[in-house]
Amino acid sequence: MIKPHGSETLNPLYVADDAERAALTKEAENLPSLLISSGAAASAVMLGSGYFNPLTGYMNLAEATSVAENMTLPNGQFWPIPVINIVKSEQVTDAIKNAGRIALLDPNVDGQPPIAVMDVSGIEEISDDQRTYLIEQIFRTTDPAHPGVEAFTEMGDQVISGSIQVLNYSYFRSDFPDTFRTASEIREDIEKRGWNTVVAFQTRNPMHRAHEELCKIAQDEIGADGVLIHMLLGKLKPGDIPADVRDASIRKMVELYFPENTVSITGYGFDMLYAGPREAVLHAVFRQNCGCTHLIVGRDHAGVGDYYGPFDAQTIFDDIPEGALGIEIFRGDHTVWCNQCGEIVMMRDCPHGPEDYLFLSGTKVRDMLAAGEMLPPEFSRPEVAEILMEFYQEEG
C-alpha cells in the first residue's frame with residue numbers, strides 16, 4: 001500500500017489506549033482550559049485521525065508563514081496549508097500563559113471532555129499585516145466576503161502552538177457512525193477489500209450523474225480497483241446541503257448504479273476552507289494518508305464564487321517539487337450530458353458544443369426541487385433527486 005505522507009507508518013494523534021486516554025481526560029480536568037475555534041477543533045480531529053500525518057500539532061507563526069509562502073515547513077517537510085490555532089487575546093489568561101500543558105475545548109460539543117491536551121510550545125501575537133499576508137497566500141484573496149477569509153479573520157490575534165494528544169473525534173463519530181472513518185480505518189478497509197489502486201473523490205455536495213460518471217471515467221482510465229467517495233462532514237457555508245442528506249443520496253446512488261465492491265463511502269471530520277488550489281493539495285495529502293493512490297481533481301475543486309480559475313486547482317500540482325507527494329492526480333474536466341452523444345461526457349473529450357449540453361445552475365436545481373419538480377434524468381438519478389426534493393420541501 002502507498003506510504004503515508006512524510007513517514008514510513010501512519011502516526012495518528014488520537015490516544016487509542018483506553019487507560020491512557022482515561023488518565024489524560026482526568027488530568028485535563030485540572031488543566032487550564034482554552035475554547036478553540038471550530039476550524040482548530042476540526043484540525044485536531046484530522047490530526048487525531050491520521051489525515052494530517054506527519055504533523056504533531058499546531059504550527060507556530062514561523063512555521064505557518066513558511067507553509068503559506070512555499071508549502072514547506074522550515075525543516076523542509078512539504079505541507080500546503082498552515083494548521084494553526086488562533087484565539088482572541090482575552091482568552092489567553094495568566095493561567096494559560098503560565099501553563100506548560102492546557103486542555104483544548106471543542107466549541108461544537110457541549111458537556112464533552114476536552115478534545116485534546118496540548119503541550120504549549122509558544123504563544124505569539126499575530127499582527128494585522130501578518131494575518132493579511134497568510135490569508136493572501138492561502139486563499140489568493142483578502143476579500144472578507146470569501147468564507148475562508150472571513151473565518152480566518154474572525155479567529156483572533158493569538159497563535160498558540162504545540163503538540164497535542166487527541167481524546168475524541170468531536171461530534172463526527174457520534175453523529176455519523178456509519179460514515180466517519182479515520183485514515184487508519186480506511187487503510188484497513190482497502191486492505192480487506194484487496195484493492196491495490198484506489199482513486200479518491202472529494203465531495204461536499206450531493207453527487208449527480210456528472211459526478212457519478214467522473215468517478216467511473218477515472219476508475220476506468222486509471223484501472224483502479226476501487227473508488228473512495230470521501231465526503232466532508234464538517235461545517236460548510238450557508239446554503240450547502242447538510243452532511244446527512246448528502247450521505248443518504250450518495251449511498252442510494254452507489255447502491256443502485258455501481259458494481260458491488262467497487263466503491264467505499266466514507267467521511268472525514270473537517271471544516272471546509274474554500275481555499276481552491278491550496279485546499280486541493282491538502283486533499284491530496286490526506287488522501288495519500290488514507291491509502292489512496294489517486295485523487296480526482298475536477299473543475300473548480302474546493303473553490304467558491306469566482307475567486308479561482310476553473311483549473312487552478314489542477315495547475316498548482318505542476319509547481320509541486322518532484323517526490324513531494326506519493327499520490328497521483330487525475331485531472332477531470334467539466335462533465336455534462338451531451339444530447340448529441342446521448343451520454344455523460346467530459347467536455348474536453350466531446351466534439352460538440354455548449355448548445356448540445358445540459359447545464360443546470362445550482363439555483364435552478366434548488367428551485368426545481370423546492371417546487372417538487374423532478375430533475376431531468378440526464379442530470380440526476382431519480383432516486384437521488386427524491387431524497388434531495390424531500391429535504392428542500394421540508395426546508396421551504
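# Exercises: salt bridges and an open sheet

At 11% relative accessibility, Asp 247 counts as buried. The model is predicted.

**Exercise 1.** Find the salt-bridge partner of Asp 247 and place the pair in the fold.

*Solution.*
- Step 1. Asp 247 forms a salt bridge with Arg 251. The closest N and O atoms are 2.9 Å apart.
- Step 2. Both residues belong to helix H10 (residues 243–257). They are four residues apart, so about one helical turn separates them.
- Step 3. Compare exposure. Arg 251 has a relative accessible area of 30% and is partly exposed. Asp 247 stands at 11%. Buried means under 20%, so Asp 247 counts as buried.

**Exercise 2.** Which parts of the chain does the salt bridge between Arg 101 and Asp 119 tie together?

*Solution.*
- Step 1. Check the contact. The closest N and O atoms of Arg 101 and Asp 119 are 2.9 Å apart.
- Step 2. Locate the ends. Arg 101 lies in strand E4 (residues 101–105), and Asp 119 in strand E5 (residues 116–125), so the pair ties together parts 18 residues apart in sequence.
- Step 3. Read the exposure. Arg 101 is partly exposed at 23%. Asp 119 is also partly exposed, with 29% relative accessibility.
- Step 4. Widen the view. Glu 27 joins Arg 101 and Asp 119 in a network of salt bridges.

**Exercise 3.** Are Arg 381 and Glu 212 buried or exposed? State what their salt bridge links.

*Solution.*
- Step 1. The side chains of Arg 381 and Glu 212 meet at 2.8 Å, N to O.
- Step 2. Arg 381 sits in the loop between helix H13 (362–370) and helix H14 (382–395), while Glu 212 is in helix H9 (residues 209–222), so the pair ties together parts 169 residues apart in sequence.
- Step 3. Both residues are buried.
- Step 4. For the overall tally, the count comes to 14 salt bridges.

**Exercise 4.** Describe the five-stranded open sheet and place H10 on it.

*Solution.*
- Step 1. Write the strand order: E9-E8-E7-E10-E11, with parallel pairing.
- Step 2. Mark the edges. These are strand E9 (263–268) and strand E11 (328–331), each pairing on one side only.
- Step 3. Add the twist. It averages 30° from one strand to the next.
- Step 4. Take one pair. Strand E7 (residues 198–203) and strand E10 (residues 294–297) pair in the parallel sense over two bridges. Val 199 has His 294 in E10 as its bridge partner.
- Step 5. Add the helix. H10 lies across E7, strand E8 (226–232) and E9. H10 runs at about 165° to E8.

Note on methods:
Residues are numbered from 1 along each chain as its sequence is written. This is a predicted model: local features need pLDDT of at least 70, side-chain atom pairs count only at pLDDT 80 or more; totals for chains, interfaces and linings use all residues. Side-chain values use heavy atoms; hydrogens and water are left out. A salt bridge is a side-chain nitrogen of Lys or Arg within 4 Å of a carboxyl oxygen of Asp or Glu. Buried means under 20% relative accessible area, exposed over 50%, partly exposed in between (1.4 Å probe, protein chains only). Two strands pair if DSSP finds at least two bridges between them. Axes are lines fitted to C-alpha atoms, for helices over the stretch in contact, and angles run from 0 to 180 degrees between N-to-C directions. Contact means heavy atoms within 4.5 Å.
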